[in-house]
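Colleague: I would like a close look at a single part of this model. Please take one sheet and follow what is packed around it.

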Amino acid sequence: MSIINNLLLFLCSMLWVCSLSPVTASVSYDDKAIIINGQRKILISGSIHYPRSTPEMWPDIIQKAKDGGLDVIDTYVFWNGHEPSPGQYYFEGRFDLVRFIKLVQQAGLYVHLRIGPYICAEWNFGGFPVWLKYVPGIAFRTDNEPFKAAMQKFTEKIVNMMKSESLFESQGGPIILSQIENEYGPIEWELGAPGKAYINWAARLVASLGTGVPWTMCKQEDAPEFILDTCNAFYCQGFKPNNNNKPKMWTEAWTSWYTNFGGPIPHRPVEDLAFAVVRFIQNSGSFVNYYMYHGGTNFGRTGPGLFIATTYDYDAPIDEYGLLRQPKWGHLRDLHKAIKLCEPALVSAYPTVTWPGNNLEVHVFQSDSACAAFLSNYDTGSSATVTFQNMNYDLPPWSISILPDCKTAVFNTAKVSSQSSVTTMSKVSSGGFSWQSYREDPVSAGDSDTSEMDGLWEQINVTRDTSDYLWYLTDVNIDPDEGFLKTGQNPLLTVMSAGHALHVFVNGKYLGFVYGGLNKPKLTFTSYVKLWAGVNKISLLSVAVGLPNVGLHFETWNAGVLGPVTLRGLNEGTRDLTMQKWSYKVGVKGEGLNLHASDGSSSVDWAEGSSLARKKPLTWYKTTFDAPAGDEPLALDMNSMGKGLIWINGESVGRHWPAYVARGNCGDCSYIGTYDQNKCQSNCGQPTQRWYHVPRSWLKPSGNLLVVFEEVGGDPTWISLGSRRTENFYSLEVFNSTN
């Protein structure tokens, strides 16, 4: 069988090569670099995800990426956004993929299209549509026929769409690379033979599609010969492709890390990021992609993954709002200029490496017509002076200097001389908002719009992720002879849940709120409860906070109240309520009434003035406001609220959760030394996310409807609208050159 498999792989390889044969001068590669129109290229790329900003923002963000020295824009393709139900496709608004790619093309940049269709990306369900979980017999990302059939259909859909718009480089378009699967190596290692069979099938699939451009697989050491294997990490200087005929590519140079509710804000010093990139380049790396170059916003409730915050800023060179983050953007721009000056030597020579001292290293690329040198000091405590070609060069700790002519040091990774800036949020909503409120009552078993079933059901199995909310409802009969009715020693209610958050009501009274976290989504609620003789109503509102996006067979992970649910302290001892009759209701009442939109907000009576509800659970708030003058980015300050959802003119801003305070290891931050996501954290003891991006394109000149659903309780009178401003306070150009 192995001989047959190898033959199939060889034939597919030949098919891929044949598909390139009419356009071999378009995109190919060798061990040095990607070759475009016959020329080797050192390519600088940046990840910009189209659904994480608005179409109105795209041109400016793309232009800033180009001005920052990028050659390529990298994006995933978001299956759940494009096929929300089987066979029903959506490519409009923030999901207008073709429009986004054409804007990149108009800017004169290339595209790396990472189709996946598993993407991780801290995106809901890793990019998979939820309906996929319920295809009979399916198992994700393995040698499973139902999964492969669905994956093939969507992959072919995207490829054919790109072909129909002539967007591959072989057709004159900007797409020079495509990716299939994503960081599959660790999953394959756990699965063994089924994983190996699956990844070879995926390779054969894309080889048959005739795109005329190379395909990549990241974190895939056993990628077939005709697939480019690449590195994703904070550092990739030691990475080597699995074949000596492939270029050394870094598809995710992590500019920092994502933010999760309950976690601190991560930062990566630009000095270290530049240091990592140059180490990769001096070790013959030829393709670097920053993940992220613009992170953006996880709009809506089907964007962010499990416990992922609404912000996806990622400490990227272009911030969540589309503004330049200085000095990160400027220092990297200067780095890219220096690398481009070295390109003639980098693509035509192999490095000669010497070690002039402890923790010192020199890489020289010397060809007949070009010379470039990289002088490195890996010491974390001391500066160093390196003598190179009879000249002395001073190197700060943990830094590398670039000499594009082997003489002049035009850039050092630790010497930041581009402009810096301070970002502030300034209140623009004068006089505050005029709020109205509407309170929901908890649902009870037996209500007309509930469904009764035996036992406890998994939450997503019931909701299909159409709402964050699912009511679990049951009745408890208490005999008049129960001892606690006489002693006053109330029974103990215990509810165990697979996550992710839970509100508990007994006989209409709110008992409290508990929640899990990214690393421990499961939770337990315990409280002594006051019950009376006869029928008592237990109402549990279970809340999902995104779906898992990474892990082996994450489609099997559970959410919701799965029990046990018990009452301890009765005459019988402990009563297990788990297997009795439970009723269910998907969503909260306001969702069904469409209160977040203008056509639904008039369907209920709203309180205002002195009757305005404050610090009450399950409360809807609405107000109207006029768009502020100017073009500065806008955000809502939600610091006075607890947890819930936000809409502007019917558009979902996303989940707010200021009540979730950040915990981590915040303190001093030095660029020196190896970086990881636990280094250089900030915001400990403060809300993980206080400000929530409001795109200006969502606003009308006047009469904008702002709706907030508050689960826990908050005071909306302190909500304000702010504008994001940057103040540059220092600027110095080290050198000025053109690519």
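In which sense do strand 13 and strand 14 pair, and over how many bridges?

Modeller: The model is a predicted one. Strand 13 and strand 14 (residues 360-366) pair in the antiparallel sense, over four bridges. Within that pairing, threonine 354 has valine 362 of strand 14 as its bridge partner. The two strands belong to an open sheet of five strands, ordered 13-14-15-18-19, with antiparallel pairing. Strand 13 (351-354) and strand 19 (411-412) stand at its edges; each has a single partner strand, so one side of each is left without a neighbour in the sheet.

Helix 8 packs on this sheet and touches strand 13, strand 14, strand 15 (371-377), strand 18 (399-403) and strand 19. The direction of helix 8 makes about 55 degrees with that of strand 18. Helix 8 (residues 270-282) also lies across strand 10 and strand 12 (285-294), and it runs at about 155 degrees to strand 12. Helix 8 therefore touches the open sheet and also lies across two strands, 10 and 12, that are part of a closed barrel.

That barrel has eight strands, runs 4-5-6-7-8-9-10-12 and has parallel pairing. From one strand to the next, the twist averages 30 degrees. One of its pairings is that of strand 4 (residues 43-48) with strand 5 (residues 72-76), which run parallel and are joined by three bridges. There, glycine 46 stands opposite isoleucine 73 of strand 5.

Further along the barrel order, strand 8 (residues 215-218) is joined to strand 9 by four bridges, and the two run parallel. Cysteine 218 has threonine 230 in strand 9 as its bridge partner. Strand 9 also pairs with strand 10 (residues 248-254), in the parallel sense and over three bridges. In that pairing, asparagine 232 has glutamate 252 in strand 10 as its bridge partner.

Strand 9 (residues 227-233) is mostly covered, with seven of its seven residues buried. In a regular strand the side chains alternate between the two faces of the sheet. Ile227, Asp229, Cys231 and Ala233 point one way from strand 9, while Leu228, Thr230 and Asn232 point the other way, and all are buried. The threonine that partners cysteine 218 is thus in the second of those two sets, as is the asparagine that partners glutamate 252.

Helix 7 lies across strand 7 (175-180), strand 8 and strand 9, and it runs at about 160 degrees to strand 8. The axes of helix 7 (residues 193-207) and helix 5 (residues 145-164) come within 11 Å and cross at roughly 25 degrees. That makes helix 5 roughly parallel to helix 7, and their crossing is right-handed. On the helix 5 side the contact is made by Phe147, Lys148, Met151, Gln152, Thr155 and Glu156, and on the helix 7 side by Tyr198, Trp201, Ala202 and Leu205. By class, this contact has six nonpolar, two polar and two charged residues.

One other helix is worth a note. The buried residues of helix 4 (residues 97-106) are Leu97, Val98, Phe100, Ile101, Leu103 and Val104. Just after helix 4, glycine 108 takes a positive phi of about 85 degrees.

Definitions and conventions. Residues are numbered from 1 along each chain as its sequence is written. This is a predicted model: local features need pLDDT of at least 70, side-chain atom pairs count only at pLDDT 80 or more; totals for chains, interfaces and linings use all residues. Side-chain values use heavy atoms; hydrogens and water are left out. Axes are lines fitted to C-alpha atoms, for helices over the stretch in contact, and angles run from 0 to 180 degrees between N-to-C directions. Angles under 35 degrees count as roughly parallel, over 145 as roughly antiparallel, 65 to 115 as roughly perpendicular and the rest as oblique. A crossing is left-handed if the near helix is turned anticlockwise from the far one by less than a right angle, and right-handed if clockwise. Contact means heavy atoms within 4.5 Å. Ala, Val, Leu, Ile, Met, Phe, Trp, Tyr, Cys and Pro count as nonpolar, Asp, Glu, Lys and Arg as charged, and the others, Gly among them, as polar. Buried means under 20% relative accessible area, exposed over 50%, partly exposed in between (1.4 Å probe, protein chains only). Two strands pair if DSSP finds at least two bridges between them.
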